[in-house]
Amino acid sequence: MDYYKEFMTHFTREDKENSVNYIMELVSQGKVDVITLYNEILRPALYDVANHQKKQTITVAQEHMRTAIVRTIIECCYPYVIKERDHKYESLREEKVLIFCPAEEYHEVGPRMVEDFFTLNGYHAFFMGGNTPRDDLLLLLEEWKPKYLAMSVSNYYNLLAAERTIKDIQNSLSYSPIIILGGYALQGNSDLQEKINADLYLQSYDDIVRLGRGEFDEISS
Ligand code: B12
């Protein structure tokens, strides 16, 4: 059975009840784990709305409904994320990661998944939501002092705001977090990471596993 295809029969009708129930049954029965669900079902379902190759044909209202369905599924998965993490790790990492979007960046499903990617790898991760106000971000950073700051940019036009945010962070904080950049706007444009002055460009769950293994320690130290 192709789980993606079956899910799409509910999802493309914006049928929230059947979309959520179908996925939560797969997850509760252990037929798909959280990473497979995010990478092979939910992300492709949203990329199917529009992408570099495909123009959007549905209305913005339908786009919002589909985003809401995915968001509900992600939040329902939280207990499974914690269970999977606890199964893998006896004790948590000390390292904190703050995930955020620059001002005017409203795409929040990707970074919300990234929060779970970090959590699954034992990090203490927190996603601040889309469109993070600059002053609130700086205040929280001083208070919480995360080792990593992961910024998500989906819309190409928000890369300028991303660059400004990094400058602000580097100029006004009392310590230097490691700044990670990722998101749809960077796909195929990874060279922008250096231009924007971030420390690292990461894109996937596997990249976060590699970060945990220390594969980027030399670059980010
Ligand atoms: C849903 C959606 C919206 C919703 C967002 C609702 C919400 N609350 O999130 C709404 C309707 C608000 C919206 C608005 C707009 N959108 Co829109 N939207 C989308 C859509 C269909 C899905 C986005 C999504 O959730 N994808 C699924 C997630 C899981 O994928 P992801 O974000 O890429 O994240 C994965 C990876 O990139 C990675 N990742 C992400 N961030 C990070 C960060 C780090 C540190 C790491 C390690 C990894 C990582 O991990 C994730 C999981 O694998 C995309 C289409 C697409 N192809 O993505 C367009 C898309 C992103 N939107 C687009 C555009 C243009 C807009 C608007 C400008 C439209 C308009 N004219 O108003 C506005 C801009 C709003 C704004 N100021 O931000 C374009 C962006 C093109 C570009 N790259 O520049 C896209 C690509 C559609 C297209 N035309 O091709 N949108």
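The questions and answers below concern a strand and a helix pair in a predicted model.

Me: Is strand E3 largely enclosed or exposed, and how many of its residues are buried?
Reply: Strand E3 covers residues 148-152. Tyr148, Ala150 and Ser152 point one way, Leu149 and Met151 point the other way, and all are buried. E3 is therefore largely enclosed by the rest of the structure, with buried residues numbering 5 of the 5.

Me: Which residue of E3 stands opposite isoleucine 99?
Reply: Strand E1, residues 96-100, runs parallel to E3 and is joined to it by 4 bridges. Opposite isoleucine 99 in E3 stands alanine 150.

Me: Which residue of E4 stands opposite serine 152?
Reply: E3 and strand E4, residues 178-182, run parallel with 5 bridges between them. Opposite serine 152 in E4 stands glycine 182.

Me: What is the handedness of the β-α-β unit that E3, helix H8 and E4 make?
Reply: The two strands of the unit, E3 and E4, run parallel. Together with H8, residues 159-172, they make a β-α-β unit that is right-handed.

Me: Are helices H1 and H3 parallel or oblique to each other?
Reply: H1 (residues 3-11) and H3 (residues 34-47) pack with their axes 10 Å apart, at an angle of about 45 degrees. Angles under 35 degrees count as roughly parallel, and 65 to 115 as roughly perpendicular. The two helices, H1 and H3, are therefore oblique.

Me: Which residues of H1 make the contact with H3?
Reply: H1 passes H3 in a right-handed crossing. On the H3 side the contact is made by Glu40, Ile41, Leu42, Pro44, Ala45 and Leu46. On the H1 side it is made by Tyr3, Tyr4, Phe7, Met8 and Phe11.

Key: Residues numbered from 1 in each chain as written. Predicted model: local features only at pLDDT ≥ 70, side-chain atom pairs only at ≥ 80, totals over all residues. Heavy atoms only, no water. Buried < 20%, exposed > 50% of the residue type's maximum accessible area, 1.4 Å probe, protein only. Pairing = 2+ DSSP bridges. Right-handed = clockwise from strand over helix to strand, strands pointing away. Axes fitted to C-alpha atoms, helices over the stretch in contact; angles between N-to-C directions. Parallel < 35°, antiparallel > 145°, perpendicular 65-115°, else oblique. Left-handed = near helix turned anticlockwise from the far one by under 90°. Contact = heavy atoms within 4.5 Å.
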